[in-house]
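Dear colleague,

I am handing over the structure below, and I would be glad if you could look through it before reading my notes. What I found in it follows after the display.

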Amino acid sequence: MPLFTKNKRIERVISTTELFSRYPHLKEHAKQFASRCPEPVDPKHLLYVQQREFAATTPADNSVSVLGSDDATTCHLVVLRHTGSGATCLAHCDGSSTWTEVPLIVNAVTSRSNLAKEGRLELHLVGGFDDDRKTSHALSLNILAAFQNHREEIHLETCCITDMNDVIKEGIHRPLVYGIGVNVKSGYVFPASFIFRGPAEELRSARTFSGGQYLSTSPYAEPPHFIQHIKSTIQFLLDHLTADDLFPGGQPHFYRRTEEGEWKRIYQQ
């Protein structure tokens, strides 16, 4: 099924400028969204999503109240939620596998929902800016096309992307919104800031270096903590030249949330 907004089908567009020209209410909503101050998120209620990751849960989850992610420059943050079940997925997409990621995002929500019940799939897109390489523009169009190509009927509610998420500071284009959160219980999507990006922040960050990726597609637009984050990730890689000590026997890492709200690693027998 195609992508909808205000119950009208969104036709294919060749630019984000054309998108906002055709659907001016998306532009106005984007302006309002980008003008809001980032809300700090309590780590005790957060499941943080890093680049090339996605997470999905439902309101019945007693361990997670907010899904969140930040540090998005050319990257896009994607939230898909079913209004009936409350099942919610947040993804941090960098363009490396958009056409593979979108079906996984949709399935993560639909598999946790009874689609026969009342409700619909609602989509929120935030990220990108008017970068010199037009990387953000390309990713915006690819994400929209991937959702338009999906069989499920999806309604675009928030579209604060690329040219609508752009500001010029000191002569340099930067994103207005770097991070978002979504309250799993209510569906509230908001600009967000984070002081915690774990668990296993360096380990999870290290996987973005696989495949010879750039340190940054937009170095002049990165947030203040970006350099220290890259340094700590590179040091982690130098300290762990092979995966054998990190994943003995090829076993994954498991974590659970304690009563105090902290993530604790569980060691399998």
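In this predicted model, lysine 31 and glutamate 28 both belong to helix α2 (residues 24-34), where they sit three residues apart, about one turn of the helix. Their side chains meet in a salt bridge at 3.7 Å, N to O. Lysine 31 is partly exposed, with a relative accessible area of 44%, and glutamate 28 is likewise partly exposed, at 41%.

A second salt bridge, at 2.8 Å from N to O, brings together the side chains of aspartate 94 and arginine 52. This pair links distant parts of the chain, since aspartate 94 lies in the loop between β8 and α3 while arginine 52 lies in the loop between β4 (46-48) and β5, 42 residues apart. Both aspartate 94 and arginine 52 are buried. In addition, salt bridges that share partners join Asp70, Asp71 and Arg197 into one network, and the count of salt bridges comes to ten.

Turning to the sheet, seven strands form an open sheet with mixed pairing, in the order β2-β1-β10-β9-β7-β8-β5. Strands β2 (8-9) and β5 (54-57) stand at the edges, each with a single partner strand, so one side of each is left without a neighbour in the sheet. Within the sheet, β7 (residues 76-82) and β9 (residues 121-127) pair in the antiparallel sense over seven bridges, and arginine 81 stands opposite glutamate 122 in β9. Helix α3 (residues 98-110) packs on the sheet, and its direction makes about 165° with that of β8. Helix α4 (residues 135-148) also packs on the sheet, with a direction about 20° from that of β7.

With best wishes

Technical notes. Residues are numbered from 1 along each chain as its sequence is written. This is a predicted model: local features need pLDDT of at least 70, side-chain atom pairs count only at pLDDT 80 or more; totals for chains, interfaces and linings use all residues. Side-chain values use heavy atoms; hydrogens and water are left out. Two strands pair if DSSP finds at least two bridges between them. Helices (H or I, at least four residues) and strands (E, at least two) are DSSP runs, numbered from the N terminus. Contact means heavy atoms within 4.5 Å. Axes are lines fitted to C-alpha atoms, for helices over the stretch in contact, and angles run from 0 to 180 degrees between N-to-C directions. A salt bridge is a side-chain nitrogen of Lys or Arg within 4 Å of a carboxyl oxygen of Asp or Glu. Buried means under 20% relative accessible area, exposed over 50%, partly exposed in between (1.4 Å probe, protein chains only).
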